[in-house]
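User: Could you take a close look at one pocket in this model for me? After that, I'd like a quick tour of the whole fold and a few other spots.

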Amino acid sequence: MKPIIYWAGDSTVKQNDITSFPQSGIGQGFSLYIKKGIFIDNRAENGRSTKSFIEEGILDTISRDIKEGDFLFIQFGHNDEKPDAERHTEAFGSYQENLKTYIKTATDKGAYPVLITSLYRRLFQEDGKTLIEGTHENYPEAMIAVGKECQVPVIDLCTLSKALIEKNGPEISKRWFLHVPAGRYANFPDGKSDNSHLTYEGCVVFSGLIAAELRKLGGVYAEILLPLNEEKENPALLID
């Protein structure tokens, strides 16, 4: 039986539909990199943190369905930073404890958890070349520490995406994020300038970073991927 890839996360990961077009989540783009017959079950939802995803029972639905040999991709951080009581967690505290709950949900069923740090926000400094530091505070570092403690793979998308955005600069990277003019899309009649959420091109580019890191891990993580070389894996790498 082919494995199922479950995603737990927020709006940067979510499977969007026509009601939010052209907004797209990383889980959508990732489908282009996996072998035929491997299904993606994307449970990510807008605005969720590690805390609210658990308290609303969404993780319970994954626990009910996930089985041996499946994968659980876990990406949170954007909303754990938020101050409201429903979502906020402390990076080196409740956030880490919650991540361990996600890991246990997978390992208890014989599935493979993968931690993924948050996509970097496209916020350039005045020089137009480098991004503002620390837009995710210390949540990425906290996730990396949990991965080391629990011996679970961590894909540091935060660092990787920051480097790729800076390499390509403000104009090219603008295409990857939800910058749309007024009057073009029915879902955004007044336009949108959003440096956190993605277009379909963006979700393909950044999910390619994840695919490349999974390939480096080898074993079961590489076995789910199409046999591509580095250039084909991420079209953004062709841009100098």
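Analyst: Let's settle one word before we start: two residues are in contact when they have heavy atoms within 4.5 Å of each other. With that in hand, 73% of the contacts in the protein with a separation of 6 or more come from residues 24 or more positions apart. Keep in mind that this is a predicted model, where local features need pLDDT of at least 70 and side-chain atom pairs count only at pLDDT 80 or more, while totals for chains, interfaces and linings use all residues. Numbering runs from 1 along each chain as its sequence is written, and side-chain values use heavy atoms, leaving out hydrogens and water.

Now the pocket you asked about. The second largest pocket holds about 170 Å³ of space (the volume filled by probe spheres set on grid points joined across faces, edges and corners). Its lining counts 13 residues, and Y120, P140, E141, C158 and T159 sit closest to the centre. Helix 5 (139-150) and helix 6 (157-174) are the elements that each put two or more residues into that lining. A pocket here is an open set of points on a 1 Å grid over the protein atoms alone, where a 1.4 Å probe fits, with protein on both sides within 12 Å along at least five of seven lines; lining residues have an atom within 4 Å of a point. Sorted by class, the lining splits into 4 nonpolar, 4 polar and 5 charged residues (nonpolar is Ala, Val, Leu, Ile, Met, Phe, Trp, Tyr, Cys and Pro; charged is Asp, Glu, Lys and Arg; polar is the others, Gly among them).

Helix 5 also has a couple of backbone oddities in the loops on either side. In the loop between strand 4 (112-116) and helix 5 you'll find E137, a non-glycine residue with a positive phi near 50°. The loop between helix 5 and strand 5 (154-155) has Q151, again not a glycine, with a positive phi of about 55°. Q151 is exposed at a relative accessible area of 75% (over 50% is exposed, under 20% is buried and in between is partly exposed, using a 1.4 Å probe and protein chains only).

Another backbone spot to check is the cis peptide bond from F21 to P22, with omega near 15°. P22 falls in the loop between strand 1 (4-9) and helix 1 (26-30).

Stepping back, the protein has 9 helices and 7 strands (DSSP runs numbered from the N terminus, H or I of at least four residues for helices, E of at least two for strands). Its radius of gyration is 17 Å, close to the 18 Å that the globule rule gives for 240 residues, so the protein is as compact as a globular protein of that length (C-alpha atoms only; the rule is 2.2 Å times the number of residues to the power 0.38). The C-alpha trace spans about 45 × 45 × 35 Å along its principal axes, and 51% of the 240 residues are buried.

Two of the buried ones round things off. N98, in helix 4 (residues 91-107), has a relative accessible area of 15%. Beyond its neighbours within four places in sequence, N98 is in contact with T50, K51, I54 and T89. D194 belongs to strand 7 (residues 192-198) and is buried at 10%. Leaving aside neighbours within four places, D194 is in contact with F177, L178 and H179.
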